[in-house]
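Welcome, and thank you for taking a look at this model. Please have the sequence and the 3D view side by side as you read.

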Amino acid sequence: MKKQTQVRLEEDVLAAGKAAAAARRLDFNKYVERLIIEDTTGARAAGMAAAQRLIEEHGAFLDDLEEQLAAPYAEPHPGAAA
């Protein structure tokens, strides 16, 4: 059985939370529930640690790849149609 609670949030925080929930295709209550579960079970911390390891191990490769992918959209080439 679920319990109901009331949370008071600043308007901008509530709007940001609702936008984040919508982006994940969750209703606001489910979004808040997931945040709490991820925070209290260590799932969020584990995910953040894994992301940090990925950046530390492959950051230079990812930076280079990003530059290569962005290159075609950089400054127009001489003689290219504008």
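## A nonpolar patch on the surface

A patch is made of residues with over 30% relative accessible area and no salt bridge, and nonpolar side chains are joined within 5 Å. Keep in mind that this is a predicted model. With that in hand, which residues make the nonpolar surface patch of about 470 Å²? They are L54, F61, L62, L65 and L69.

Two members of the patch can be described a little further. L54 sits in helix α3, which runs over residues 43–70, and it counts as partly exposed because its relative accessibility is 44%. L69 is also placed in helix α3; with 57% relative accessibility, L69 counts as exposed.

## Helix α1 and its two faces

Helix α1 covers residues 11–23. Its 13 residues should span 18 Å at 1.5 Å a residue, and the C-alpha atoms at its ends are indeed 18 Å apart, so the two values agree.

Which residues of α1 are buried? G17, A20 and A21 are. Around the helix axis they take up an arc of only 100°, and therefore they lie on the same side of α1. Turn the helix to the face that points away from this buried side and you will find the exposed residues E11, D12, A22 and A23. For E11, the relative accessibility is 73%, which is why it counts as exposed.

## From α1 to α2

The loop between α1 and α2 contains R25. Its backbone deserves a look: the phi of R25 is near 55°, a positive value in a residue other than glycine. Is R25 buried or exposed? It is exposed, since its relative accessible area is 80%.

A little further on, D27 makes a contact at the start of α2. One of its side-chain oxygens comes to within 3.0 Å of the backbone nitrogen of N29.

## Helix α2 and what follows it

Helix α2 takes in residues 28–41, 14 residues in all. From its first C-alpha to its last it reaches 20 Å, close to the 20 Å expected at 1.5 Å a residue. After α2 comes G42, which has a positive phi, near 90°.

## A network of salt bridges

How many salt bridges does the structure hold? There are two. In one of them, the side chains of K2 and E33 meet at 3.4 Å, N to O. This pair ties together distant parts of the chain, with K2 in the segment before α1 and E33 in helix α2, 31 residues apart.

The other pairs E33 with K30, again through their side chains and at 3.4 Å, N to O. Here both residues belong to helix α2, three residues apart, about one turn of the helix. Taken together, K2, K30 and E33 are linked in a network of salt bridges.

How open to the surface are these three side chains' residues? K2 is exposed, because its relative accessible area is 65%. E33 has a relative accessibility of 28%, so it counts as partly exposed. K30 is likewise classed as partly exposed, at 33% relative accessibility.

## Distances across the model

A few C-alpha to C-alpha distances help to set the scale. E11, which lies in helix α1, is 49 residues from A60 in sequence and 40 Å from it in space.

Helix α3 supplies two further examples. L69, the patch member in helix α3, is 51 residues from K18 along the chain, and their C-alpha atoms are separated by 32 Å. E66 is also located in helix α3, and it counts as exposed because its relative accessibility is 55%. How many residues lie between E66 and V7 along the chain, and what separates their C-alpha atoms? They are 59 residues apart, with a separation of 41 Å.

Note on methods
Residues numbered from 1 in each chain as written. Predicted model: local features only at pLDDT ≥ 70, side-chain atom pairs only at ≥ 80, totals over all residues. Heavy atoms only, no water. Helix = DSSP H or I, 4+ residues; strand = E, 2+ residues; numbered from the N terminus. Buried < 20%, exposed > 50% of the residue type's maximum accessible area, 1.4 Å probe, protein only. Patch = residues over 30% accessible without salt bridge, like charges linked within 9 Å, V, L, I, M, F, W, Y side chains within 5 Å. Areas by Shrake-Rupley, 256 points an atom, 1.4 Å probe, with all protein chains shown as cover. Salt bridge = Lys/Arg side-chain N within 4 Å of Asp/Glu carboxyl O. Expected span 1.5 Å × (residues − 1). Polar contact = N/O pair within 3.5 Å; in protein donor to acceptor, adjacent residues only side chain to side chain. Arc of directions from axis to C-beta.
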